[in-house]
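Colleague: I am new to this structure and would like to learn how to read it feature by feature. Could you take me through it?

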Amino acid sequence: MLRIKTILLAALLMAAGSVSAACAAEKSFAITNVRIFDGERVIPKGTVVVRGREIVAAGADVKAPAGAEVIDGAGATVMPGFIDSHTHTFGDGLNRAAVFGVTTQLDMFTSADFARQMREEQAKTGAPGRADLFSAGTLATAAGGHGTQFGMQIPTLAKPEEAAAWVDARVAEGSDYIKIVHEDGSAYHMERPTLDRATIKAIIEAAHKRGKMAVVHVSTKDGAKRVIEDGADGLVHIFTDRAPEPGFAALAARKKAFVIPTLTVVESTTGSASGATLATDARLAPYIKAEEAQNLRQSFPKRSLDFANALETVRQLRAAGVPILAGSDAPNPGTWHGMSIHRELELLVSAGLSPAEALAAATSAPAKAFGLKDRGRIAPGLRADLVLVKGDPTADVTASRDIVKVWKIGEEIQRPTQQQTAAAAPAPQATAPESGEISGFEDGVTSVFGFGWSDSTDALAGGKSEVRKEVVEGGAGGSGKSLAISGEIKQGFSFPWAGVMFFPGRRPMAPVDLSKFDGVSFQAKGEGATYQFMMFASRLGQMPALKPFTAGPEWTRQTVSFKELGLDGSDTIGFFFGGGPALGAFRLQIDDVRLVPKAK
């Protein structure tokens with residue numbers, strides 16, 4: 001018996017040694033002497049201990065373990081990584097979000113393929129350098145309705161009988177929840193097709209049968225009331241068209257619905273650039289790119305909407321105990337990924353939430369509403385998604401902007417300032433000449449001004465299309481050379497594309513004022529197919545304005561005016577030339593690309 005006990009004790013000691021060795025191999029750190037907002041309550045002074053990807057201890061009586069890196073948090077506050085509950089995500093949005101403390105984004109419409117790719121990366125590596133993505137994928141809307149104007153081909157609905165199959169398709173694509181559009185444009189003095197009430201209700205019911213939440217885009221008071229009555233789990237906007245009627249908040253509370261007011265973008269729809277103050281805030285400005293600042297200063301056209309209605313509705317919802325979640329709707333005008341959550345917190349406080357309640361709206365509240373049980377709070381066993389800021393955001397919520405460090409699954413996010421980034425960038429190029437000349441390709445793939453030409457494909461959004469560019473003999477008008485663009489448009493993204501992009505700015509995606517020109521002109525030669533010209537501008541977010549054109553075997557001059565695209569050239573990011581969305585191989589030649597001077 002004694003021998004058995006000895007063997008068992010030895011085994012236990014060996015196991016304990018193995019655990020200790022494993023723990024020692026994992027990186028650990030402790031934030032000490034720090035104010036802790038754990039997602040729900042404030043601990044005035046305590047310690048948070050992280051080992052590997054997890055929080056292992058947090059509280060007033062916690063001590064830093066031996067061997068752990070110690071970060072003195074005196075005078076600072078540590079919080080859970082922020083959750084932005086309403087975004088539209090592609091490109092580098094997740095990376096940019098993390099720089100500003102947003103470690104999770106709840107997307108309300110993006111490419112299903114892009115969302116799948118992000119989920120796979122998160123499952124494989126944890127994606128430590130960027131925010132996590134959860135997404136609705138494709139939204140539910142009517143043919144020609146809101147969501148179809150961005151050039152992405154998406155499946156639409158027309159009647160309740162189509163709801164079950166439509167939801168099944170989204171579940172098969174991997175949608176984490178279902179997003180529905182109830183938008184007739186009336187709040188904005190527009191007319192848009194929209195889903196009728198019976199179809200919306202059928203989609204909600206189909207989502208619930210498949211274990212998915214159903215959230216709804218609304219812009220009117222009446223629409224908000226109807227979808228909550230019909231069982232929507234949450235609203236992803238608040239309305240401004242009218243003041244809330246007595247009983248609306250009580251209805252939402254009774255139905256256990258949550259609301260993502262997106263006050264930042266709602267303010268921008270009234271004609272006021274909600275994010276403008278972010279671009280000049282000394283705590284944020286060094287990290288904001290020029291093109292991001294440009295978008296923060298944009299707004300939608302001024303309309304007869306009253307932002308006070310939105311603030312009053314949020315006040316009433318809060319008083320009724322309705323869960324309020326912070327969401328930015330980035331990258332719409334007046335917003336951008338990551339930075340806009342800080343404006344949303346400020347506006348929530350203006351609407352009557354305490355600073356701590358606003359912070360909960362960006363941490364524990366969305367985690368609870370969307371069933372994200374591993375994040376949103378600081379507690380043992382949860383992910384080490386953390387934000388350390390100077391000062392006390394539970395007293396002054398704008399202190400959330402004074403970020404010291406951000407961690408995602410225990411790994412620190414790198415936060416280089418734009419000055420540091422620019423120092424490593426190539427020297428600035430010349431501005432546009434009065435002649436408007438861009439490229440003739442006689443000296444290769446060069447340009448008279450701007451950053452120049454780059455390949456551009458839907459790989460940015462998780463697609464699979466391919467492109468090749470080369471300078472070839474034979475140009476327009478008897479010139480020596482031209483640029484040949486060839487490749488293959490492949491299935492994999494809702495609006496596949498492949499081609500080349502000209503960036504007129506000093507670096508890619510930097511906006512440039514080209515308003516002294518009327519548009520763009522170029523020579524084109526192709527295979528009789530339809531090709532795409534796209535113009536990107538800050539006010540459009542990351543969605544371009546499009547103009548298809550046809551090019552046959554003879555050189556023809558193509559001219560696109562800024563006006564016909566609904567733009568004025570003042571915030572131009574780039575011009576695209578290439579194939580898509582039709583699938584298959586393509587070939588296009590372009591030459592004598594130039595801006596069109598305004599007539600004198």
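Modeller: What follows is a short tour of a sheet, a helix, a loop residue and the cavities, and please keep in mind that this is a predicted model.

Colleague: Let us begin with the sheet: in what order do the strands of the open sheet run, and with what pairing?

Modeller: The open sheet has four strands, arranged in the order 9-10-11-12, and their pairing is parallel. Strand 9 (178-181) and strand 12 (258-259) are the edge strands, and because each has a single partner strand, one side of each has no neighbour in the sheet.

Colleague: How many bridges join strand 9 and strand 10, and which residue stands opposite K179?

Modeller: Strand 9 pairs with strand 10 (residues 214-217) through four bridges in the parallel sense, and within strand 10 the residue opposite K179 is V215.

Colleague: Turning to helix 11, what should I compare its reach with?

Modeller: One compares the reach with the span expected at 1.5 Å a residue; helix 11 (residues 307-319), with its 13 residues, reaches 19 Å from first C-alpha to last, which is close to the expected 18 Å. At its start, a side-chain oxygen of D306 comes to within 3.0 Å of the backbone nitrogen of A308, and just after the helix G321 has a positive phi of about 80°.

Colleague: Which residues of helix 11 are buried, and what covers them?

Modeller: The buried residues are F307, N309, A310, L311, T313, V314 and L317, and their cover includes helix 7 (248-254), strand 12, helix 8 (263-269) and helix 12 (340-350).

Colleague: Is I260 buried or exposed, and where does it lie?

Modeller: Burial is judged from the relative accessible area, with under 20% counting as buried; I260 has a value of 0%, so it is buried. I260 sits in the loop that lies between strand 12 and helix 8, and, leaving aside neighbours within four places in sequence, its contacts include S85, H86, M108, L235, I238, L325 and F370.

Colleague: Finally, how does one find empty space, and how many cavities of 30 Å³ or more does the structure hold?

Modeller: A probe the size of a water molecule is rolled over the atoms, and this shows where empty space is left. The structure holds two cavities of 30 Å³ or more, of which the largest has a volume of about 50 Å³. The lining of that largest cavity is made up of P80, G81, I83, T103, T104, R375, G376, R377, R383 and D385.

Notes. Residues numbered from 1 in each chain as written. Predicted model: local features only at pLDDT ≥ 70, side-chain atom pairs only at ≥ 80, totals over all residues. Heavy atoms only, no water. Pairing = 2+ DSSP bridges. Helix = DSSP H or I, 4+ residues; strand = E, 2+ residues; numbered from the N terminus. Expected span 1.5 Å × (residues − 1). Buried < 20%, exposed > 50% of the residue type's maximum accessible area, 1.4 Å probe, protein only. Contact = heavy atoms within 4.5 Å. Polar contact = N/O pair within 3.5 Å; in protein donor to acceptor, adjacent residues only side chain to side chain. 1 Å grid on protein atoms, 1.4 Å probe; cavity = no way out; pocket = protein on both sides within 12 Å on 5 of 7 lines; lining within 4 Å. Points joined across faces, edges and corners; volume = space filled by probe spheres on them.
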